[in-house]
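Grab a pencil and have the viewer open. Below are a few short exercises, each followed by a worked solution.

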Amino acid sequence: MPITFRKSFRIFPGVRLNINRRSWSITLGAGSGPHHTISSTGRRTTSMDLPGPFGWRRTRRSRREP
């Protein structure tokens with residue numbers, strides 16, 4: 001069984017630092033509005049909770065060009 005590690009710290013209201021075994025990321029945004037995540041691996045994600053009973057989430061991902 002693999003060992004996993006993930007920890008999330010709230011730095012300021014609406015700003016989180018997420019750390020896992022391979023990388024770290026910063027998430028900006030609070031509440032039900034859009035969230036912007038920037039990862040140390042170069043991945044940038046924008047997501048937003050959609051209204052409705054299922055809590056759908058729409059996500060757009062892109063990677064930094066080398």
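## The whole chain

Before the exercises, a look at the surface: the accessible area of the protein chain is about 5,900 Å², and 58% of that belongs to carbon and sulfur atoms. Keep in mind that this is a predicted model.

**Exercise 1.** Work out how many helices and strands the protein chain has, and what pattern they follow along the sequence.

*Solution.* Start with the count: zero helices and six strands. Now read along the sequence, and the pattern comes out as β-β-β-β-β-β. Next, check burial: the chain has 66 residues, of which 15% count as buried. Finally, turn to contacts between residues at least 6 apart in sequence: 1% of these join residues at least 24 apart.

**Exercise 2.** Find where H35 sits and decide: is it buried or exposed?

*Solution.* First locate H35, which lies in strand β4, residues 35-39. Then look at its relative accessibility, which is 14%. The cut-off for buried is under 20%, so H35, at 14%, counts as buried. Last, list what H35 touches, skipping residues up to four places away in sequence: T27, L28, G29 and A30, plus T45, T46 and S47.

**Exercise 3.** Describe how β4 and β5 pair, and find the residue with a positive phi in their hairpin.

*Solution.* Take the pairing to begin with: β4 runs antiparallel to β5 (residues 43-49), with four bridges between them. For one concrete partner, pick H36, whose bridge partner in β5 is T46. Now move to the hairpin, where three residues lie between the two strands. Here G42 is the one to mark, with a positive phi near 100°.

**Exercise 4.** Place S32, say whether it is buried or exposed, and name its contacts beyond four places in sequence.

*Solution.* S32 belongs to the loop between β3 (24-28) and β4. Its relative accessible area is 53%. Exposed means over 50%, so S32 makes the cut as exposed. Even so, S32 is in contact with M48 and D49, once neighbours within four places are set aside. To finish, go C-alpha to C-alpha from S32 to P51: they are 19 residues apart in sequence and 9.1 Å apart in space.

**Exercise 5.** Is F12 buried or exposed, and how far is its C-alpha atom from that of L28?

*Solution.* Find F12 in strand β1, residues 6-12. Its relative accessibility is 54%, so F12 counts as exposed. Then go from F12 to L28, 16 residues along the chain: their C-alpha atoms are separated by 9.6 Å.

How values were computed: Residues are numbered from 1 along each chain as its sequence is written. This is a predicted model: local features need pLDDT of at least 70, side-chain atom pairs count only at pLDDT 80 or more; totals for chains, interfaces and linings use all residues. Side-chain values use heavy atoms; hydrogens and water are left out. Buried means under 20% relative accessible area, exposed over 50%, partly exposed in between (1.4 Å probe, protein chains only). Contact means heavy atoms within 4.5 Å. Two strands pair if DSSP finds at least two bridges between them. Accessible areas come from the Shrake-Rupley method with a 1.4 Å probe; for residues, only the protein chains shown count as cover.
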